[in-house]
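Reader: Mind walking me through the packing in this one? I'd like to go from the side chains up.

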Amino acid sequence: MLNPVSGSTVTPLRIGNASGFYGDRFAAFREMLTGGPLDVLTGDYLAELTMLILARERLKDPELGYAKGFLRQLEECLGLAHDRGVRIVVNAGGLNPARLAVKIGELAQRQGLDLKVGHVTGDDLLPRAAEFTDPAGLLAANAYLGAFGIADCLTAGADLVVTGRVTDAALVVGPAAAHFGWSRTDFDALAGAVVAGHVLECGAQATGGNYAFFTEHDTRHPGFPLAELHADGSSVITKHPGTGGAVTVGTVTAQLLYETGGPRYLGPDVTARLDTVRLEQQGPDRVRISAVRGEAPPATLKVGLNRLGGWRNEVVFVLTGLDIEAKAALIRDQLDPALGDGPAEVRWTLARTDQPDGATEQQASALLQLTVRDADQAKVGRAVSSAAVELGLAGYPGFHLTAPPGPGAPYGVFSSAFVAQDEVPHWAVRPDGTRQAVTPAPVTLEPSPKAAEPKAAELEAAEPEVAEPQTAESEATAPETFAPPTGPTRRAPLGLIAGARSGDKGGDANLGVWVRSDAAWPWLTATLTVDRLRQLLPETAELTITRHLLPNLRAVNFVIEGLLGEGVAAQARFDPQAKALGEWLRSRHVEIPESLL
């Protein structure tokens with residue numbers, strides 16, 4: 001097969017990642033460019049919260065709305081990438097990819113570089129949001145575009161491609177499609193690249209960062225990952241020699257489970273079957289991904305919606321020593337009447353961080369948090385902070401706060417909608433300035449993403465009343481016959497034998513749990529049911545939970561609906577992105593067969 005860009009014989013494509021979020025390690029771009037050979041370097045800068053931040057910047061200045069930090073990285077690395085022939089593909093364009101492309105062109109000119117810049121646009125649907133949602137308070141509405149706009153820019157000779165809101169994996173799929181000349185219906189190859197892209201997209205999370213078994217590796221300064229992609233869509237995940245961290249089946253499994261749902265991983269170009277993924281340790285820091293099957297993508301695109309939800313304020317009271325519960329009750333009794341008909345939402349949370357006979361004052365203290373939210377800033381601002389501060393000499397003994405209360409701050413709300421692929425413009429703006437329309441996927445699943453998910457199978461518990469939370473299991477990966485280990489058990493933390501990784505999808509939480517031996521897999525599936533999860537994580541007791549089984553990964557993946565309220569920007573929970581939900585679960589004690597310990 002010939003490379004459609006260079007006309008040379010196609011070789012494996014080495015794609016690296018240097019950013020997993022806006023604010024990731026600044027030096028990673030230089031580290032990846034100098035650490036070893038690369039063909040393409042990608043950077044993911046966008047998340048639901050980031051889009052809200054960029055939208056607020058754009059409100060102040062229409063010329064903004066892109067990741068300004070990427071420009072600073074590029075200032076010191078653009079010449080290095082150009083000299084080494086490394087192409088760059090980033091979604092740092094955010095809400096204004098065209099403007100960022102102009103700024104990059106100006107930077108290249110100042111540095112005397114002949115740089116060909118392309119960009120992808122069409123995802124911004126804010127002007128027509130009324131067609132699919134209530135536009136009230138809406139700050140951003142962006143469709144998740146696919147990879148073929150990126151591929152077109154690269155095929156047209158771009159050295160650097162900037163996008164707005166595309167799927168995270170598209171940053172890898174686009175270069176691979178251009179390099180290998182894949183067609184829109186090469187679903188297995190595309191799905192393999194999606195899986196590789198999903199592993200790379202969060203940077204050091206694939207090389208030992210945020211890893212459940214972190215004590216087994218030196219993860220003080222993990223390197224960033226790269227993929228060696230092949231023409232059939234298979235890949236090897238690795239990292240530059242001499243960099244920290246580790247690439248193992250475990251670290252790759254953890255990232256594969258991050259922020260996913262069922263076995264069908266839906267995207268605008270392909271539906272990747274996560275239940276077909278095969279992982280193999282090929283050597284130190286080398287994990288092969290193979291056998292990924294792909295299906296047609298859904299007929300619709302997801303649209304991320306960010307809107308201003310209202311105003312929020314919080315006051316944190318420090319309760320020290322004895323009578324913690326009584327002190328908390330006193331401050332509530334004093335403040336509740338003062339709040340009166342104030343904020344629409346008032347929430348009290350007592351965190352018992354105190355220790356009996358604490359050796360330091362901090363160890364002897366608990367935290368009582370008051371959180372208020374309302375559409376009117378006046379109701380959460382001075383009215384609340386003044387009421388709290390006025391109790392300074394009239395409250396519980398030892399009264400003090402962690403910080404002076406402020407005037408309140410706006411919070412955002414994330415939701416999503418779906419629109420037909422053929423109703424969303426997708427443009428590749430090539431380096432010569434010409435615009436090429438990217439056609440929708442020629443073959444799609446019908447009629448919607450919801451229909452593409454496997455239907456819920458038989459309920460694990462008795463059929464609930466209408467008001468009860470729902471329990472379902474993915475039909476596509478329903479268990480056959482398992483033989484869990486028998487014999488003596490020991491009550492111990494689940495995390496002694498199971499890893500976990502968790503994250504957010506809007507207001508829902510994803511929680512993936514895996515084990516590292518074939519013997520532990522049947523025990524995990526028999527033990528960690530939805531009902532058992534509710535017992536272990538009482539916060540989830542009243543919520544709808546779906547469990548998906550991924551036998552090839554020895555993993556169960558839970559989707560917990562509504563745990564995060566209206567999304568991370570609403571800060572409705574102590575851990576608003578569910579980042580540590582998996583670690584909480586791993587700390588919970590269960591009966592584990594001694595043969596597994």
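Reader: How many disulfides does a search of the whole structure find?

Author: Keep in mind that this is a predicted model. A pair of cysteine sulfur atoms would have to lie within 2.5 Å to count. Cys153 counts as buried because its relative accessibility is 0%, and Cys202 counts as buried at 16%. Still, the number of disulfides found across the whole structure is zero.

Reader: OK, and which helix gives the largest share of the largest nonpolar core?

Author: That core has 76 residues, and Phe132, Leu229, Val252 and Ile289 touch the most other members. Ile289, for one, has Val195, Val199 and Val252 among its contacts. The largest share of the core is 10 residues, and they come from helix 7.

Reader: How are the rings of Tyr211 and Trp514 arranged, stacked or edge-to-face?

Author: Their centres are 6.2 Å apart, with 20° between the planes. Planes under 30 degrees apart make the cut, so the pair is stacked.

Reader: And how far apart in sequence are the parts that this pair ties together?

Author: Tyr211 is buried at 5% relative accessible area, and Trp514 is buried at 2%. Tyr211 sits in the loop between helix 7 and strand 7, while Trp514 belongs to strand 24, so the parts tied together are apart in sequence by 303 residues.

Reader: Any charges over rings? Which ring does the charged end of Arg373 sit over?

Author: Lys302 lies over the face of Tyr144, 5.3 Å from the ring centre. As for Arg373, its charged end is 4.5 Å from the centre of the ring of Tyr411.

How values were computed
Residues numbered from 1 in each chain as written. Predicted model: local features only at pLDDT ≥ 70, side-chain atom pairs only at ≥ 80, totals over all residues. Heavy atoms only, no water. Core = buried A, V, L, I, M, F, W, Y, C linked by side-chain atoms within 4.5 Å. Buried < 20%, exposed > 50% of the residue type's maximum accessible area, 1.4 Å probe, protein only. Helix = DSSP H or I, 4+ residues; strand = E, 2+ residues; numbered from the N terminus. Contact = heavy atoms within 4.5 Å. Phe/Tyr/Trp six-rings, centres within 6.5 Å; stacked < 30°, edge-to-face > 60°. Lys NZ or Arg CZ within 6 Å of the ring centre and 35° of its normal. Lists of a residue's contacts leave out its neighbours within four places in sequence.
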